[in-house]
Amino acid sequence: MEYDIVVVGSGHAGIEAALAGARTGMKTLLTTLNLDSIGFLPCNPSIGGTAKGHLVFEIDALGGEMGRIADQCTITRRMLNETKGPAVHSLRAQVDKSKYHEIAKKTLENTENLSILQAEITEILTEDQKVVAVKTHLGEIIKTKAVVLCTGVYLSSRIIIGSYTQDSGPNGFMNAKNLSSCLKNLGFKILRFKTGTPMRIDKNTIDLSVFEPHLGDESTPNFSKRTKNKFKNIGQCYLGYTNSETHEIIRNNLDKSPLYQGIIKGIGPRYCPSIEDKVVRFSDKPRHQFFLEPEGTQTNEIYVQGISTSLPFDVQKQIVHSMKGLENAWLMRPAYAIEYDCIDSTQLKPTLEAKHIEGIYCAGQINGTSGYEEAGAQGIIAGLNASLKLRNMEQIVLKRNQAYIGVLIDDLVTKGTNEPYRMMTSRAEHRLYIRQDNADLRLTEIGYKAGLVSKTNYNKMLKKKTGIEEGQKILKKTLSPSALVQKLLTENGETELKTGAKVKTLLKRANIDIYKLNEKLHLFDKYSPDVLEQLNIIAKYEGYIEIQQEQIEKTAKNEEILIPENINYKEMSGLRLEARQKLEKIRPINLGQASRISGVSPADITALTIYLKKNNLI
Ligand SMILES: Cc1cc2nc3c(=O)[nH]c(=O)nc-3n(C[C@H](O)[C@H](O)[C@H](O)COP(=O)(O)OP(=O)(O)OC[C@H]3O[C@@H](n4cnc5c(N)ncnc54)[C@H](O)[C@@H]3O)c2cc1C
C-alpha cells in the first residue's frame, strides 16, 4: 500500500495537513497515537484570541477547518481589543472540548482520499535524502511520497507535578518514545521545550457569586465564512483574582517547585508563564487575575486560566483554596508541566519542507510554536505544499505583508526560536494591512488555486471584492451640505458642513460611521454588511493604510529578488564571517529574507546584491 502523503499526528496541525492533502486529491493517511486525541485541546478550552484569531480567519480563507469546527461548538465568545483599532480586533471563542474532538473526528472520517490509523510512527525511512516510507510500532512499513510531521507535545514527552515525573503525553495519553532518536539520526537538531496547564476544578464546588461574570457578545462574527448558524451564548466565564495569601503559599513552597529546583530542563513560554513565575517575576503585583472557563457543556470541569503550575498537588490545593470563591473547590485534575522534544525550525524551507531531506514537512508544536492556532496555520501550509509539490505546482510561501501565517513561518525558518513561539500582533509589522476582517480578500484566491477552496466560495469572495471596488468610488463622491447630511451630522454631535465634502471625509468624523451614514443617505444599500465593514475601515484608516502601503512597497522589492538555491556564499567577497555562516545555514530564498537573518547586516546585503548583479543573477 503506497500513499502520497502520510501525516503523523491528529492534533491541530495534523487535522489541517491531512484535510489539505486529501481534499486536493492526494491519497492521504493520518496516523495518531490515539484516535481519542483527535482535535484534543490539552490546555485552554478556547480557539482564537489576540493574533490567534487572525490565524483562524486565515486558515478558513485558505479552505481550512479550524474555524468551522470552533463555530459549531462555541459556548461563548468575545471580540478582544474592540475599543482599539481594527488591526488588533481578535475573536476568541470558548469551545466545548469534547464536541470539538467529535466534530474533528467525524470530519476526518468522512473525507474522501483519507484513511486514519492508530499507530505510533517510530521511524522515517529515506533513500538518497528522500523520504520513501514510515514504520509503525507494530513493524509495518508504509510507503509514501511525503510525510508531514505534526507530533506536537508528544515527542519523548514527560509530565512533571512536584517531584513526580512520568513519561507521558498530555492527560495520560501515551507519548512517542522512538521518533526523536530517528529524527536525530536523520540530521534534525532537537530542542527541549516545556509548557504547562492549570488544574481543573468541579463547578459545583465553586461559589460563583463572588466572581465577575464575563458575558459573550452575540453580535460577533463566525470564524468561518462557511458557517451558516447564528451564534448563541450558552455559557460564560468568570473573572477572579489571587491574593497575598496565595502568593505567600507559593513563595513558601518554591523549594518544592520543579521549575525552581531545576527538575524541568525544557524552556517554557515567556508569554504563558506559570503562577509561580508570575509571583516571582512580578513580586510587586498584589494580585494576578484568573478566569474560570467551562471545559464543555456536558461536564462540570472548569479550567482555571492563569494558574498553570507544576507545584506538588497538595500545594496546588492550598493555592486554590486560598482564592475567594474557591475555598471549598474540588480539584478534578492536577495542574502539570510537560517537557517535549521539538526541532530547530531553521532547518526548514519557507514551504516547511526540510532542507536536507526531500519530502519531509514539519508543522505545529514540533517547530517550536505554542498554540492550537499556530499549529493549524502551519498544518494547512505544510499539507498544501506537500500536495502541490506532488502535483508539480508552485508551493505556497506567504509573505509577511500578506498574512500572519507568513509572519509566523518566516520568523520560524529565518530566525528560529529558543522558546515556545506564540503569535502576537506586535510581531506583524504590517498589521493594519493583515486584519481578521480581510483574511478572505487576502487568501481565498491562493486556497482556490491550490484546489482547497470551492468555486462557490471563491466567487463569493470575488463578489465582495467587486462590491468594495464599487463602494470605493462612492466614498470619493462629493456630497452637498443638504438638509439630510446636516441632520446626520448634528444628530451625531458633529458640526454642520459649510461646503460640499467627500463621503470618505464625513466618515473620518469620530461620531460618523458608514452604518449611520447609510441609514440616512442609503448610498450603500445594495452592498452586504461585510462590504460596508471594509469601506468603513478604508475610509477611517485611509492615511495609516497608505503609510503601511508605502512601507510594504519599499520592502517588497527585496522580497522579489530571488537568491539561487545553490548559491555559494564562500566565494563571495565583502561578506563578514558571521553573515557568511548564517546565510549558509538559513539559505534564504530572497533578499528580503536574507535581510531578516540576525547577524546579517545591511552591508552584507549590499555585498550580496553586488554579487548577484555581477553574476547576472538579478
Ligand atoms: C500541558 C499543555 C499546556 C499547554 N499550554 C498551552 C498554552 O498555554 N498556550 C498555548 O497556546 N498552547 C498551549 N499548549 C499547546 C497546544 O496544546 C499545542 O500548541 C497544540 O495542541 C499543538 O498542536 P499540534 O497539532 O502541533 O500537536 P498536538 O495537538 O500536541 O498533537 C500531536 C499529535 O501527534 C500525535 N503523535 C505524536 N507523535 C506521534 C508518533 N510518533 N506517531 C503517531 N502519532 C504521533 C499525537 O497522538 C497527537 O495526535 C499546551 C499543551 C499542553 C500539552
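Author: Ala, Val, Leu, Ile, Met, Phe, Trp, Tyr, Cys and Pro count as nonpolar, Asp, Glu, Lys and Arg as charged, and the others, Gly among them, as polar. The model discussed here is predicted.

Reader: How many residues of each class does the shell around the ligand have?

Author: The shell has 18 nonpolar, 16 polar and two charged residues. In total, 36 residues surround the ligand. His12, Ala13, Ile121, Gln365 and Gly371 are the closest. By the definition of the classes, Ala and Ile count as nonpolar, and Gly counts as polar.

Reader: What makes the approach of Ala13 to the ligand a polar contact?

Author: A polar contact is a pair of N or O atoms within 3.5 Å. A backbone N or O atom of Ala13 lies 2.8 Å from an oxygen atom of the ligand, so the pair meets that limit. The backbone of Ile121 also supplies an N or O atom, 2.9 Å from a nitrogen atom of the ligand. In Ser370, a polar side-chain atom lies 3.2 Å from a nitrogen atom of the ligand. The protein covers 97% of the 980 Å² of accessible area that the ligand has on its own.

Reader: Which helices and strands each supply at least two residues of the shell around the ligand?

Author: They are the helices α1 (12-23) and α10 (372-390), together with the strands β2 (28-32), β12 (190-202) and β18 (336-343). The largest share, three residues, comes from β12.

Reader: Why are β3 and β4 said to stand at the edges of their sheet?

Author: The sheet is open and has three strands in the order β3-β5-β4, with antiparallel pairing. β3 (46-48) and β4 (74-80) each have a single partner strand, so one side of each is left without a neighbour in the sheet. From one strand to the next, the twist averages 20°.

Reader: How do you know that β3 and β5 pair?

Author: Two strands pair if DSSP finds at least two bridges between them. Three bridges join β3 to β5 (residues 90-95), so the requirement is met. The two strands run antiparallel. As one example of bridge partners, Ile47 is matched with Ala93 in β5.

Reader: What makes the radius of gyration of the protein chain agree with that of a compact globule?

Author: With 618 residues, a compact globule would have a radius of gyration near 25 Å; the protein chain has 26 Å, and therefore the two agree. The C-alpha trace spans about 80 × 70 × 50 Å along its principal axes. The secondary structure of the chain comes to 21 helices and 21 strands.

Methods. Residues are numbered from 1 along each chain as its sequence is written. Side-chain values use heavy atoms; hydrogens and water are left out. A residue is near a molecule or strand if one of its heavy atoms lies within 4 Å of it. A polar contact is a pair of N or O atoms within 3.5 Å; within protein, one must be able to donate a hydrogen and the other to accept it, and residues adjacent in sequence count only if both atoms are side-chain atoms. Accessible areas come from the Shrake-Rupley method with a 1.4 Å probe; for residues, only the protein chains shown count as cover. Helices (H or I, at least four residues) and strands (E, at least two) are DSSP runs, numbered from the N terminus. Axes are lines fitted to C-alpha atoms, for helices over the stretch in contact, and angles run from 0 to 180 degrees between N-to-C directions. The radius of gyration is taken over C-alpha atoms; the globule rule is 2.2 Å times the number of residues to the power 0.38.
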